[in-house]
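Hi everyone, thanks for coming. Let me put a model on the screen, and then we'll walk through it together.

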There are 2 protein chains.
Amino acid sequence: MDNQERHILRTRANVLKALAHPARLWMVGQLERGERCVCELVEGLDIDFSTVSKHLLVLKNAGIVEDDKRGKQVFYSLRIPCVMNFMHCVDAVLENAKLET
Amino acid sequence: MDNQERHILRTRANVLKALAHPARLWMVGQLERGERCVCELVEGLDIDFSTVSKHLLVLKNAGIVEDDKRGKQVFYSLRIPCVMNFMHCVDAVLENAKLET
DNA sequence: TGGTCAATTGGCATAATAACCAAACGACAG
DNA sequence: CTGTCGTTTGGTTATTATGCCAATTGACCA
């Protein structure tokens, strides 16, 4: 395993890590249907405004979402619409896990 | 967001979290090419035997791999061959992130 | 200029992860 | 039975993640 492979693995893991949280997964699901301001996301989740803001920062740093400040609000949207596509594969993992246990 | 949705989000996040580590991502990549015993994986990664074993436990608990004890060795294999399919989508995230920065 | 609303930042407490070493365990060989 | 090999478990420590509260920033309105 050379340095380049190591680097690729690290960056891939970062993207996955950014998605690996229920609240962030939910947000991404919402954003799939269109942009949302932070306050809309706070309403849906039942957690602190600041916590939502930090989750969004994680997604932004991973390159998954982008933000757009318009007036007093900040709107977030998906940079990669396909991002949730593979969730079906994740669900396949879960299905399979259930069957064999 | 009802309890069922909450539950789905949590289990999905668990699968993603299990994959969200460079060493585990590498192992899954290896297992895509066929089963491997723990010692083979230890050789490829440069980390402790016990650490590898624990990583494999994480993958197993997430339903991603299964183990098969044969003689003195334990062989791990993928339960979901498609598991790495979506890595192309992850890479798309990375590509896009690079372009716009 | 003040006030207010939307959002981010800093700080802190708590929990979860990751890695190592040492010890234990199960299968097999002698 | 004893020793050894491959693996897992337990324990410890360092690092990172999460979530709340309080304080700050920025845009807009009166």
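**Two DNA strands and a pair of helices**

Let's start with DNA strand C: 22 residues are around this strand, and A:Cys39, A:Ser53, A:Lys54, A:Tyr76 and B:His55 come nearest. Here, a residue is near a strand if one of its heavy atoms lies within 4 Å of it.

Before I go on, a word on the ground rules. This is a predicted model, where local features need pLDDT of at least 70 and side-chain atom pairs count only at pLDDT 80 or more, while totals for chains, interfaces and linings use all residues. Residues are numbered from 1 along each chain as its sequence is written, chains are lettered from A and ligands numbered from 1 in the order in which they are written, and side-chain values use heavy atoms, with hydrogens and water left out.

Back to strand C. Which parts of the DNA come within 4 Å of the protein? Sugar or phosphate supplies 65% of those strand C atoms, and bases supply the rest.

Now some polar contacts, meaning pairs of N or O atoms within 3.5 Å; within protein, one must be able to donate a hydrogen and the other to accept it, and residues adjacent in sequence count only if both atoms are side-chain atoms. A polar backbone atom of A:Cys39 is 2.8 Å from a phosphate oxygen of DNA strand C. The side chain of A:Ser53 has an N or O atom 2.6 Å from a phosphate oxygen of this strand. A:Lys54 goes to a base instead: a polar atom of its side chain lies 2.6 Å from a base oxygen of DNA strand C.

Which elements give two or more residues to this surface? They are α3 (38–44), α4 and β3 (73–78) of chain A, together with α4 of chain B. Those labels are DSSP runs, numbered from the N terminus: helices are H or I with at least four residues, and strands are E with at least two.

Next, DNA strand D. Of the 22 residues around strand D, the nearest are A:Ser50, A:His55, B:Cys39, B:Ser53 and B:Lys54. For strand D, sugar and phosphate make up 64% of the atoms within 4 Å of the protein.

Look at A:Ser50, where a polar side-chain atom lies 2.8 Å from a base nitrogen of DNA strand D. A:Asp48 uses a backbone N or O atom, 3.1 Å from a phosphate oxygen of strand D. From chain B, the side chain of B:Ser53 places an N or O atom 2.7 Å from a phosphate oxygen of strand D.

Finally, let's turn to chain A's helices. Helix α2 (residues 22–31) and α4(A) pack at an angle of about 75°, with their axes 10 Å apart. Axes are lines fitted to C-alpha atoms, for helices over the stretch in contact, and angles run from 0 to 180 degrees between N-to-C directions. Under 35 degrees counts as roughly parallel, over 145 as roughly antiparallel, 65 to 115 as roughly perpendicular, and the rest as oblique. So α2(A) and α4(A) are roughly perpendicular to each other.

Who makes the contact (heavy atoms within 4.5 Å)? From α2(A) come A:Ala23, A:Arg24, A:Met27 and A:Val28, and from α4(A) come A:Val52, A:His55, A:Leu56, A:Val58 and A:Leu59.

In chain B, the axes of α2 (residues 22–31) and α4(B) come within 10 Å and cross at roughly 75°. So α2(B) and α4(B) are roughly perpendicular to each other too.

Note on methods: Contact = heavy atoms within 4.5 Å.
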